[in-house]
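Let's take a walk through this one together. Have the viewer open and follow along.

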Amino acid sequence: MNLIAGDWLAGESEIENRNPSDLSDLIGVYAQASRDQLEATLDQARQAQREWAAYGLERKQAVLMSIGNELMARAEELGTLLSREEGKPLAEGKGEVYRAGQFFTYYAAECLRQIGENADSVRPDIEVDVRREPIGVVAIISPWNFPTATASWKIAPALCYGNAVVWKPANMTPASACALTEIIARQDIPKGLFSLVMGSGSNIGQRLVESPKIDAISFTGSVPVGKGIAASAIQNFTKVQMEMGSKNALAVMEDADLDLAVTLALGGAFGGTGQKCTASSRLVVHEAIHDAFVEKLVAGAKAMKVGHALEEGTQMGPVVSAQQLAENLAYVELGESEGAELACGGERLALAHEGYYMSPGVFLNTRNDMRINREEMFAPLTSVIKVAGYDEALSVVNDTAFGLTSGIVTKSLAKATHFRRNARTGVVTVNLPTAGTDYHVPFGGRGDSSYGPREQGKAAAEFYTTVKTAYISAGPV
Ligand code: NDP
């Protein structure tokens, strides 16, 4: 059911949600909201937002804290549900739900830290007070790859700064969306402050982003959909924030700790079955360490245990859907046709349960101008690009239309420092994976990876609030 204007309602149709680890496992059927329901909930959200903004700070804080604590306490149960519908190994599913809880507890505290600025006017005897106010009704459109965490890092700051939320989650992961909504709906919030409108992106999602009844849109997903949303938003001057794909590179220098480099590459490339916007899909490797690195990388990829997300020992689950699997296999063919050497994996696997399984694939002898190194694949596939030195490595890392994350593995402080300052990405890591970020600091990218203000930490206030400048003349005493 959807949460429409504060009530749980059946939709105009339903979709099936099946476990990608075991297609015989039907998780449930989920309601698709109608356009009338969307309109009704948008009207109620406007009213509820005013009430919520007028709540005392501690009352808002208590709501966010309660959501966060419940998510953390139920990480095992909700993480199991998440892994069952999305396909990531159970430890990753549980970790995601726990992290989602931390977003809420972090922003609970931020409710009390909304401190403005003040200044003297350039005119005599006048003071200036600058403070932030809520932006209004926020549309949140989230993807399936981190169904709970990505939604939470948008919902928590939206509520913290006094906004109403209309959430359209990905249709691929409705169970996690319902579970989170059920927790939020039970809190001390005005009726209709938070809405869940499940439905397809092209129908209900498109209608939502075109609506003049919303004040801001926060989106995570693909570049083409992001471009369409931005074009719709500008018609109403709706504020937008978008996180999209990337083609993140991990540079491995000749002085790198070899085992560390291989561990970072394997985790970064195949964690979450490669379905992460921060995945290490290009491994830019110094020629002096190349052969030793590749040998261990390929051995590591071959040794990875692919299996049912909920089974003990599984290191990599299935990909999320039949469509994603078909696209991944097409990229394997494309890579080979471009002249890349497939050293291992990249094949569909038949396991005990019927699911969307494939083996982790490593391409060798690739060039940065190949399509497999230009386009986001969102697959358990990674490419090795051999380079002659640090300067070439940096230029290959930066030669991309995207710019979300990048990393370097080196023992040289000089190279690490130069890389940190010259990599053209929103996030840069040193001797750490390209994936995996904190919640109290900004997250976002450059180029085609992001558009609009950064997410997370205090940076989120930039998007979820609007600034008001007040001039005060107290008059003579
Ligand atoms: P999409 O961009 O299609 O989907 C992301 C979200 O946007 C979903 O909730 C989707 O709804 C919704 N949506 C789709 N079309 C519209 C629209 N016209 N108006 C409003 N909302 C819309 O990504 P996919 O899930 O289809 O994945 C495709 C590719 O996108 C991946 O292979 C990957 O390359 C990239 N991607 C990147 C992510 C990242 O973290 N940066 C996350 C997910 C995908 P619904 O799916 O329910 O139709």
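Start at the ligand, keeping in mind that this is a predicted model. A shell of 26 residues surrounds the ligand, and the closest of them are W144, N171, S222, M244 and E376. Pull those five up and you have a handy frame for what comes next.

Now look for the polar contacts made by the ligand's oxygen atoms. E376, already on the list of closest residues, places an N or O atom of its side chain 2.7 Å from a ligand oxygen. K168 also uses its side chain: a polar atom there sits 2.9 Å from an oxygen of the ligand. With S142 it's the backbone that does the job, with a polar backbone atom 2.8 Å from a ligand oxygen. How much of the ligand does the protein bury? Taken alone, the ligand exposes 850 Å², and 83% of that is buried by the protein.

What sort of residues make up this shell? Eleven are nonpolar, 13 are polar and two are charged. As for where they come from, helix 7 (201-210), strand 10 (216-220) and helix 8 (223-235) each put in at least two residues. Helix 7 gives the largest share, at three residues.

Next, slide over to N163. You'll find N163 in the loop that runs between helix 5 (149-160) and strand 8 (164-168). Is N163 buried or exposed? Its relative accessibility is 0%, so N163 counts as buried, the cut-off being under 20%. Its side chain has polar company, too. One polar side-chain atom of N163 lies 2.8 Å from the backbone nitrogen of I135, and the backbone oxygen of A158 is 2.9 Å from a polar atom of that N163 side chain. Beyond its neighbours within four places in sequence, N163 is in contact with Q49, W52, P134, I135, G136, V138, A158, L193 and Y464. So both of those backbone partners, I135 and A158, turn up in the contact list as well.

Finally, head for the early part of the chain. Strand 3 (residues 13-19) and strand 4 (residues 22-32) pair up in the antiparallel sense, over seven bridges. Which residue in strand 4 is the bridge partner of E14? That would be A31. The link between strand 3 and strand 4 is a hairpin, made through two residues. While you're looking at these strands, remember that side chains in a regular strand alternate between the two faces of the sheet.

Technical notes: Residues numbered from 1 in each chain as written. Predicted model: local features only at pLDDT ≥ 70, side-chain atom pairs only at ≥ 80, totals over all residues. Heavy atoms only, no water. Near = heavy atom within 4 Å. Polar contact = N/O pair within 3.5 Å; in protein donor to acceptor, adjacent residues only side chain to side chain. Areas by Shrake-Rupley, 256 points an atom, 1.4 Å probe, with all protein chains shown as cover. Helix = DSSP H or I, 4+ residues; strand = E, 2+ residues; numbered from the N terminus. Nonpolar A, V, L, I, M, F, W, Y, C, P; charged D, E, K, R; others polar. Buried < 20%, exposed > 50% of the residue type's maximum accessible area, 1.4 Å probe, protein only. Contact = heavy atoms within 4.5 Å. Pairing = 2+ DSSP bridges.
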